[in-house]
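Colleague: I am new to this structure and would like a close look at a single part of it. Please choose one helix and follow it outwards, explaining each term when it first comes up.

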Amino acid sequence: MKIKYLGHSAFLISTKETNILIDPFIKDNPLCSLSLKELPKIDYILVTHGHSDHLGDTISIAREHSANVICNFEISLYLQKYNIKCHPMHIGGRFDFPFGNVKMTIAIHGSGIIDGNHVVYGGNPCGFILNIEDKKIYHAGDTGLTMEMKLLERENIDIAMLPIGGNFTMDLDDCVLACDFIKPKTIIPMHYDTFDLIKSHPSDLTSKLEEINLSSIKIDILKPEEEKNY
Ligand code: NI
Ligand code: MN
């Protein structure tokens, strides 16, 4: 499969049959110069929480592509008002989709949805574990470091997409501790350098992982719009 980083926490995962977007913050994403028109046919959109830098362009993309949105129950209620097709899930649940299975994991964060002058309740924020083509991918969403990440070690994660930007989520040092809990084979840092408040230095991960004897973990620092085969 191919994984394309769109900057911030947005990823496009493509298999032969299916294109999946995670947290499609594209139009207003300062790191992403892609226009919505340049996207391939999108089949599924996974949304970790209701904040605008994650829910992003979900409504317009889901409409344009008749994509199915996988998100928590509360966000699905919100999206259904816009006639968007949704598959609601909740923390701890796993479901078999045609492309593979998805488990919703806990994230410690907020999930309010800005709707005009109001904030709509967006349920609990989440992360996702996707099992696609014999690879396990963990997208942490926005979260602080949690002890629950220790449970993910049993999932044998191949690729972990982890926030490193701090301020709203865990920073580089907590990301290193998360790696110690999860023991993924590869990590892709995310949620950094998009705004001034979340500046980070992903290249420091190498030495910080070495310090705690985790140099076997591969670090894939993807540039925005860079695509890699996995
Ligand atoms: Ni957020
Ligand atoms: Mn965010």
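Modeller: Buried means under 20% relative accessible area, exposed means over 50%, and partly exposed lies in between, with a 1.4 Å probe and protein chains only. Helices (H or I, at least four residues) and strands (E, at least two) are DSSP runs, numbered from the N terminus. This is a predicted model, in which local features need pLDDT of at least 70 and side-chain atom pairs count only at pLDDT 80 or more, while totals for chains, interfaces and linings use all residues. Residues are numbered from 1 along each chain as its sequence is written, chains are lettered from A and ligands numbered from 1 in the order in which they are written, and side-chain values use heavy atoms, with hydrogens and water left out.

The part I have chosen is helix H4, which covers residues 172-182. At its start, a side-chain oxygen of aspartate 171 reaches to within 3.3 Å of the backbone nitrogen of aspartate 173, a polar contact (a pair of N or O atoms within 3.5 Å; within protein, one must be able to donate a hydrogen and the other to accept it, and residues adjacent in sequence count only if both atoms are side-chain atoms). After H4 comes lysine 183, whose phi is positive, near 50°.

Along the helix, the buried residues are Leu172, Cys175, Val176, Ala178, Cys179, Phe181 and Ile182. An α-helix has 3.6 residues a turn, so residues three or four places apart point the same way. The cover over the buried residues of H4 includes strands S12 and S13, strand S14 (186-190) and helix H5. Contact here means heavy atoms within 4.5 Å.

These surroundings lead to the nonpolar cores, each a set of buried Ala, Val, Leu, Ile, Met, Phe, Trp, Tyr and Cys residues joined through side-chain atoms within 4.5 Å. The largest core has 49 residues, and Leu130, Tyr138 and Leu162 have the most contacts inside it. H4 gives the most to this core, with seven residues. Apart from it lies another core, of 24 residues, which includes Cys32, Val47, Cys71 and Cys86. When residues up to four places away in sequence are not counted, tyrosine 138 touches Ile182 of the helix, and also, among others, Phe128, Met149, Leu152 and Leu162.

On another side of the picture, asparagine 213 and aspartate 180 are 33 residues apart in sequence, yet 9.3 Å apart in space, C-alpha to C-alpha. Asparagine 213 is found in the loop between H5 (205-211) and strand S15 (218-219), and with a relative accessible area of 69% it is exposed.

Strands S12 and S13, which help to cover the helix, also lead to a metal site. The manganese ion (ligand 2) has as protein donors Asp53 (OD), His54 (NE2), Asp142 (OD) and His191 (NE2), at 2.1 to 2.2 Å. Aspartate 53 lies in helix H1 and aspartate 142 in the loop between S12 (135-139) and S13 (159-163), so the pair ties together parts that are 89 residues apart in sequence. Donors are N, O and S atoms within 2.8 Å of the metal (3.2 Å for Na, K and Ca); water is not among the atoms, so sites may look incomplete. Aspartate 142 coordinates both the manganese ion and the nickel ion (ligand 1), which are 3.2 Å apart. Aspartate 142 counts as buried at 2% relative accessibility, and aspartate 53 counts as buried at 15%.
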